[in-house]
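Hi there,

Here is the structure I promised to pass on to you. Have a look at it first, and then read my notes below.

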Amino acid sequence: MKIAVASETDKTEPRVAATPETVKKFVGLGAQVAVQAGAGEASRIRDSDYADAGATVAKTADATLKDADVVLRVRRPSAADAKKMKAGAVVVAVMDPYGNEAALKGLADAGVTAFAMELMPRITRAQSMDVLSSQANLAGYRAVIDAAAEYDRAMPMMMTAAGTVTAARVFVMGAGVAGLQAIATARRLGAVVTATDVRPAAKEQVASLGAKFIAVEDDEFKAAETAGGYAKEMSKEYQAKQAELVADHIAKQDIVITTALIPGRPAPKLVTRKMVESMKPGSIVVDLAVERGGNVEGSKAGEVVVHKDVKIIGHDNVPGRVAASASGLYARNLYAFVETLIDKDKKALAIDWDDQLVAATVLTREGKVVHPNFGGAAP
Ligand code: NAD
């Protein structure tokens, strides 16, 4: 059984899908692992570290991918990359499938079996495979660090001989995995933190981190959580009430961090231009949802926009800004999943197509798109 770790096609992606730790574990399962030279460089992993863990280091993508039974990646491969793989090769990555049906067709046409890690069901058995959580956690942390770095005042209250520096007021919108980590990080830096969410379950979690919860708690709010624990898209009426509540609040904040997402839908717009303009000069807004359309009016993916003395931070790929940590967690998520696809006695792939995790994540198989969310019938 051959496992390949090629460099990412997108050269701006600093993360890598395997670490020396996971390579060693795959080798322990009887696999031969090939890593493309330089694949781990941006995550501070040297080729020699992979070699010491038991991998062979291949010079080119072709040499790495040829003959591989399993290909580990961070992002979906291009159709051209998929064609370098043998028919039936398993590719595991964050596939970003929504709105990218043509790319999925490309993978199907290349004959690879593609698994989307972000579609992993959030059940207890799959917790160790939850890439959305592992990466969102780091993104939430980094959002606060990025905000603190751009903020030209101190975050904690400081009592000095020259007088008192007041603590920064931080408001976190969306208290999922990223938001909760942002709250915890801002609290560690000494900020006064408030947060909002549309899921009632978030209220207690926010309070347990020492932040104050702010939300329109009407009947719609009480029913807003789906069976999977995700948020629903809220009605126009709810959004209007929410906007009114947060408008007053945002005007008093120094830093606003937005993390609100709804699976498969564009990010809800939560911060209007007028709200940004209500903030004091030097205030910071971080839009962690910028790549999914953004929660903040005026945020731009990959840019720090200055609007009327307020900086709106819209960095792309925020987990990639903590690449070494993000790769470490991502590689472990991948190992935990791929291990379940392997027959340990035969030291070969043995995929149980009826397994709940397999059925939920497989996108393409035997030349077809098979996932029901993307026009497929069944795996
Ligand atoms: P996410 O990234 O999909 O969204 C981020 C947050 O934005 C969510 O909390 C969502 O409710 C919120 N949001 C959406 N629309 C909003 C709006 N209009 N205003 C304010 N907030 C809005 O969420 P996530 O981080 O993936 O987490 C979603 C839930 O899943 C959480 O309850 C989390 O604790 C839970 N979870 C469960 C498991 C598990 O059981 N294994 C693992 C991870 C997360």
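A short definition to begin: two strands pair if DSSP finds at least two bridges between them. Helices (H or I, at least four residues) and strands (E, at least two) are themselves DSSP runs, numbered from the N terminus.

Please keep in mind that this is a predicted model, in which local features need pLDDT of at least 70, side-chain atom pairs count only at pLDDT 80 or more, and totals for chains, interfaces and linings use all residues. Residues are numbered from 1 along each chain as its sequence is written. The mean pLDDT (the predictor's confidence in each residue, from 0 to 100) is 95 for the chain, and 99% of its residues reach 70 or more. The scores are ipTM 0.94 and pTM 0.94.

**The first sheet**

Seven strands make an open sheet with mixed pairing, ordered E11-E10-E9-E12-E13-E15-E14. Its edge strands, E11 (212-213) and E14 (303-307), each pair on one side only. Inside the order, E9 (residues 169-173) and E12 (residues 255-258) run parallel and are joined by four bridges. Which residue in E12 is the bridge partner of Val170? That partner is Ile255.

**The other sheet**

Another open sheet, also with mixed pairing, has eight strands in the order E3-E2-E1-E4-E5-E6-E18-E19. Here the edge strands are E3 (56-58) and E19 (368-369). E18 (residues 362-365) pairs with E19 in the antiparallel sense over two bridges, and Arg365 has Lys368 in E19 as its bridge partner.

**The ligand and its helices**

The ligand is surrounded by 30 residues, taking those whose C-beta atom, placed from the backbone, lies within 6 Å of it. Gly174, Gly176, Val177, Ala231 and Ala260 are the closest. By class, this shell has 18 nonpolar, eight polar and four charged residues. (Ala, Val, Leu, Ile, Met, Phe, Trp, Tyr, Cys and Pro count as nonpolar, Asp, Glu, Lys and Arg as charged, and the others, Gly among them, as polar.) H6 (131-150), H7 (177-188) and H8 (201-208) each supply at least two residues of the shell.

H6 and H7 also pack against each other, at an angle of about 35° and with their axes 7 Å apart. Those axes are lines fitted to C-alpha atoms over the stretch in contact, and angles run from 0 to 180 degrees between N-to-C directions. By class, the contact of H6 with H7 has ten nonpolar, six polar and no charged residues.

Enjoy exploring!
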